[in-house]
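User: I would like a close look at a single part of this protein, explained carefully for someone in the first year of study.

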Amino acid sequence: MIGRPRGEVVTTSAGDLIVFRPRRFELPMWAVVLGLVLRWSGRLLWWCLRHPVATGAVVLALWLYVEFGWPGWVVPLVVASAVSAVWRWRDESSWWAWLAGPLLGAFRRVFVYRRVWREAMTLCGLAETFDRRHVLPELLRVRSDQALDVLTVRMVRGQTPEQFQRVSANLAYAFGRRHARVYAERPGDPPTRTGRGAWVLRLVDRVRYRDRPTVVYVALVRTDALRTLVPPFPVPAVPDFTALPLARREDLRPWSLHLLATHVLVGGATRSGKGSVLWSLVRVLGGGVASGLVRLWVVDPKGGMEFALGRPMFARFACKSFEAMADLLDEAVTVLRERQTRLAGTVRVHTPTEADPLVVVVVDEMAALTAYLQDVELRKRIAGSLGVLLSQGAGVGVLVVAALQDPRKEVLPFRDLFPTRIALGLTEASQVDMVLGDGARNRGALADQMPRWAKGVGYVILDGTPDPMRVRFSYVSDDDIRDMAQRFPAPADASDILAQVGRETATEPVRLPLPRKPSGPLLPDVLRNLLDSDGGGEPR
Ligand SMILES: Nc1ncnc2c1ncn2[C@@H]1O[C@H](COP(=O)(O)OP(=O)(O)OP(=O)(O)O)[C@@H](O)[C@H]1O
């Protein structure tokens, strides 16, 4: 067999083994080179079509160089830098949104994420195998801002956002960061558009913010904006109860609490900064406190250690005797009942006014009232009042804002009655779900892994999405509190809200009885006569 001309089909046998050697075609060198050139040109063309901006920039740069030489590059660069600097100086947020963010994102996409994408996806367990091929999630886009990189990732067919959420910590470390959060929907709300061209922008937003079930958004914290102290927010003259700014978000924007028709639970281990959440809230309500739009009823079972400094702002304050605390809660229930009677049939949700203010019952360390109180009778009384306030108070403007260290059901049986929850640093992983709801820790709320410096840092659940967000609450110092107490004292008659209970005049609406058809006797005549007859057997 050896020495036969090549290019023929040759068979040979060795015992019963038959070997087929396929015919080999030998292409001339020029055809190989031409094929390669065509292939790479096709790829380049496809890339140019997919990246029109980059292609346009390169073409423009080449044209400028050919036409004007080096000055053709230097002059536009200097002009662009000057324009950019002025833009940033005048309006930094739009500069980030429209110029720096997209440019930085494109740069980091190529030089940071694409470089390690395959390795990161495989080692985080997000690569799949199909048809003996390795299939990876696809990195579609990177958008950067001052603090975050938001990666838009197309999932492999069959994957869900939960799979990404489960490995969010791995993803963060895979890309050399400490924190990552995974969102099933595009983070952030569409901006409100006003003015002439608003309808066009609204159409664009409809496309940008459309529901895309095939993609997932991974936000990686590049610069931890929460490492530095958050100064107290300015106090608005009239608080907007739908957006009370209390904290700073990871993307440096303020996080605002929606306080209308909701109760708020703050869970956090000792010294985690629960006080700063409560004081941040008291502070932004200051304007309303002074004008009489808000009444703060404060219960401080720690003997006034936390709240006594702000006493002038509070319409009611109980800190020493548990009896007084139980009375305060009972009175809140009385206000609630009065409002229910007055507003029934008129409105479904109470709107705070100066004549009919929002009552916010602030309870620090709630477990002291619900679990650790020795007096069983008093504990039951308090539990009864709290149960009524939490289940019926939101709609009539009697709200409860409570802080506690231990979120177990035995300690706080009404945990589920708080629609808004905030988790600061906690001691156990299981407590995170107890405070924020099932699955919150899996979705990235690692409140049990707070570093020691992270006082006042916590996780909140954003309105309308199940995804947790990391925020840092403003730090209100003792001096700030003294200043607030001086500037925003409650009106002299603030504690007198119960006087309005005297206004209660309406009685329960009475339902008129409907005329009934006379019904026939149910007992047979013989028995009826027997029952109706007195001793002598005469019918009555
Ligand atoms: N937002 C914040 N920023 C920076 N430091 C804070 C912040 N909040 C609290 N701290 C600091 O953390 C420490 C504990 O705060 P704080 O007393 O509010 O915690 P706490 O959870 O209310 O504690 P406790 O359970 O004992 O009531 C304090 O030294 C305070 O200065």
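How many bridges join strand S11 to strand S15, and do these strands run parallel or antiparallel?

Analyst: The model is a predicted one, and in it strand S11, residues 264-267, is joined to strand S15, residues 398-404, by 4 bridges, with the two strands running parallel. Within this pair, Val264 stands opposite Val401 of S15.

To place the pair in its setting, one can read along the open sheet of 10 strands, whose order is S10-S9-S18-S17-S16-S11-S15-S14-S12-S13 and whose pairing is mixed. At the edges stand strand S10 (254-257) and strand S13 (316-318), and because each has a single partner strand, one side of each is left without a neighbour in the sheet. Neighbouring strands of this sheet are turned against each other by 25° on average, if direction is ignored.

Both strands of the pair are also among those that helix H8, residues 274-284, lies across, a group that further includes strand S9 (244-249), strand S12 (294-299) and strand S18 (468-473). The helix runs at about 140° to S9.

Looking further out, the protein is divided into domain 1, which covers 98-188 and 204-223, and domain 2, which covers 244-503. The centres of the two domains, taken over C-alpha atoms, are separated by 36 Å, and 15 residues of domain 1 are in contact with 10 residues of domain 2. On the side of domain 1 that touches domain 2, strand S7 gives the most, with 3 residues, and the residues of that side divide into 7 nonpolar, 4 polar and 4 charged.

Definitions and conventions. Residues numbered from 1 in each chain as written. Predicted model: local features only at pLDDT ≥ 70, side-chain atom pairs only at ≥ 80, totals over all residues. Domains from an automatic or database assignment. Contact = placed C-beta atoms within 7 Å. Nonpolar A, V, L, I, M, F, W, Y, C, P; charged D, E, K, R; others polar. Pairing = 2+ DSSP bridges. Axes fitted to C-alpha atoms, helices over the stretch in contact; angles between N-to-C directions.
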